[in-house]
Amino acid sequence: MLTQELLCTLMIVCPLVFVAGFVDSVAGGGGLISLPAYLFSGLPIHIAYGTNKFSSCCGTAVATAKYLRSGYISARVALPSALSALVGSWIGSKLVLISSERFLQICLMCVLPVVAVFLLFNRNFGKETNARTYSQKSLMTRAILIGLVIGWYDGFFGPGTGTFLVIAFTGLMGMTLTNATGNTKVVNLASNAAALATYLVGGAVLLPVAIPAAVCNIAGNYLGASLAIKKGSKFIRPLIFCSIGLLMVKIVGDFF
């Protein structure tokens, strides 16, 4: 039987985690919605982080499978990027101990508006692929560097990692937004799985909340991935702006 406290927690968490899964499967940045939901429900911060990783990992796995079945994932690009992202994330997490996040917050407050303006005026961004103009060696090198740099960012700071991956795969590798989103899911899944293992070992996952939330996150990811595959860049672009906006609000709020 559900206790009143658990029921209240699920009523807060589940709808927001569904929305987070939907946004994350399309444009990244779902954690900007889901993590505050867990914290707002009253969970201690380390339990909120662990439980959030459980639900997001489950949802990302479903979205990854959906993109994979639809042919929007290139293993020769996604796997090297995922592996280098794990290395970058490890480096970033170590640098946290000796560096200040405040400098990175200032940099992002300058960079994000520029990215938003670029996307706003470059309406053909991500509509057509030009990946075939790059050699396989060049694509592999770019994939590894993208994974390493954004993996470092994920380990050091974190918010909006999926959104930055989508933009990087599109802008630096010539992918369509749909292909970029699909390959991003592989990198996200690898980093989420690694983090989840740590939280599970540390007992920081509240399963009575995590399991129902995971079901909602899976539903959101499945619906979002389905619509992104069906509608393409015209559906993905607005949600990228939404993710950038959420990230900007979070960074400015944390800074001040």
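The following exercises, with worked solutions, concern pockets, cavities and helix packing in a predicted model.

**Exercise 1. The largest pocket**

Determine the volume of the largest pocket, the residues closest to its centre, and the make-up of its lining by class.

Solution.
1. The volume of the largest pocket is about 1,200 Å³.
2. Its lining comprises 42 residues, and those closest to the centre are Y49, K53, D154, G158 and P159.
3. Sorting the lining of the largest pocket by class gives 23 polar, 13 nonpolar and 6 charged residues.

**Exercise 2. The second largest pocket**

State how much space lies in the second largest pocket, which elements line it, and how its lining residues divide by class.

Solution.
1. The second largest pocket holds about 410 Å³ of space.
2. It is lined by 17 residues; V111, V149, I150, F164 and A168 lie nearest its centre.
3. Two or more lining residues come from each of α5 (101-121), α6 (136-156) and α7 (161-173).
4. The element that gives the most to this lining is α6, with 6 residues.
5. By class, the lining of the second largest pocket has 16 nonpolar residues, 1 polar residue and no charged residue.

**Exercise 3. Cavities**

Find how many cavities of 30 Å³ or more the structure holds, and describe the lining of the largest cavity.

Solution.
1. The structure holds 2 cavities of 30 Å³ or more.
2. For the largest cavity, the volume is about 50 Å³.
3. The residues that line the largest cavity are A85, S89, G147, I150, G151, D154, T161, L165, V187 and S191.
4. At least two of these residues are supplied by each of α4 (75-95), α6, α7 and α8.
5. The greatest contribution to the lining of the largest cavity is that of α6, with 4 residues.
6. Divided by class, the lining of the largest cavity has 5 polar, 4 nonpolar and 1 charged residue.
7. Two residues of this lining recur from the pockets above: D154 is among those closest to the centre of the largest pocket, and I150 is among those nearest the centre of the second largest pocket.

**Exercise 4. Helices α3 and α8**

Describe the packing of α3 against α8 by angle and axis distance, and then by handedness and contact residues.

Solution.
1. Helix α3 spans residues 45-69 and helix α8 spans residues 177-201; they pack at about 145°, with axes 8 Å apart.
2. The two helices α3 and α8 cross in a left-handed manner.
3. On the α3 side, the contact residues include H46, Y49, K53, F54 and Y67, and on the α8 side they include T178, K185, L189, N192 and Y199.
4. By class, this contact has 12 nonpolar, 10 polar and 2 charged residues.
5. Y49 and K53 in this contact are also among the residues closest to the centre of the largest pocket.

**Exercise 5. Helices α7 and α8**

Classify the arrangement of α7 and α8 from the angle between them, and give the handedness of their crossing.

Solution.
1. The angle between α7 and α8 is about 130°, and their axes are 8 Å apart.
2. The angle is neither over 145 nor within 65 to 115 degrees, and therefore α7 is oblique to α8.
3. The crossing of these two helices is right-handed.
4. The contact joins G162, L165, V166, F169 and T170 of α7 to L177, A180, T181, N183, T184, V187 and N188 of α8.
5. The contact of α7 with α8 has 6 nonpolar, 6 polar and no charged residues.

**Exercise 6. Helices α8 and α10**

Establish how α8 and α10 are oriented to each other, and which residues make the contact.

Solution.
1. Helix α10 (residues 233-255) packs with α8 at an angle of about 60°, the axes being 9 Å apart.
2. The two helices α8 and α10 are therefore oblique to each other.
3. L177, T178 and T181 of α8 make the contact with S233, I236, R237 and I240 of α10.
4. The contact of α8 with α10 comprises 3 nonpolar, 3 polar and 1 charged residue.

Note on methods:
Residues numbered from 1 in each chain as written. Predicted model: local features only at pLDDT ≥ 70, side-chain atom pairs only at ≥ 80, totals over all residues. Heavy atoms only, no water. 1 Å grid on protein atoms, 1.4 Å probe; cavity = no way out; pocket = protein on both sides within 12 Å on 5 of 7 lines; lining within 4 Å. Points joined across faces, edges and corners; volume = space filled by probe spheres on them. Nonpolar A, V, L, I, M, F, W, Y, C, P; charged D, E, K, R; others polar. Axes fitted to C-alpha atoms, helices over the stretch in contact; angles between N-to-C directions. Left-handed = near helix turned anticlockwise from the far one by under 90°. Contact = heavy atoms within 4.5 Å. Parallel < 35°, antiparallel > 145°, perpendicular 65-115°, else oblique.
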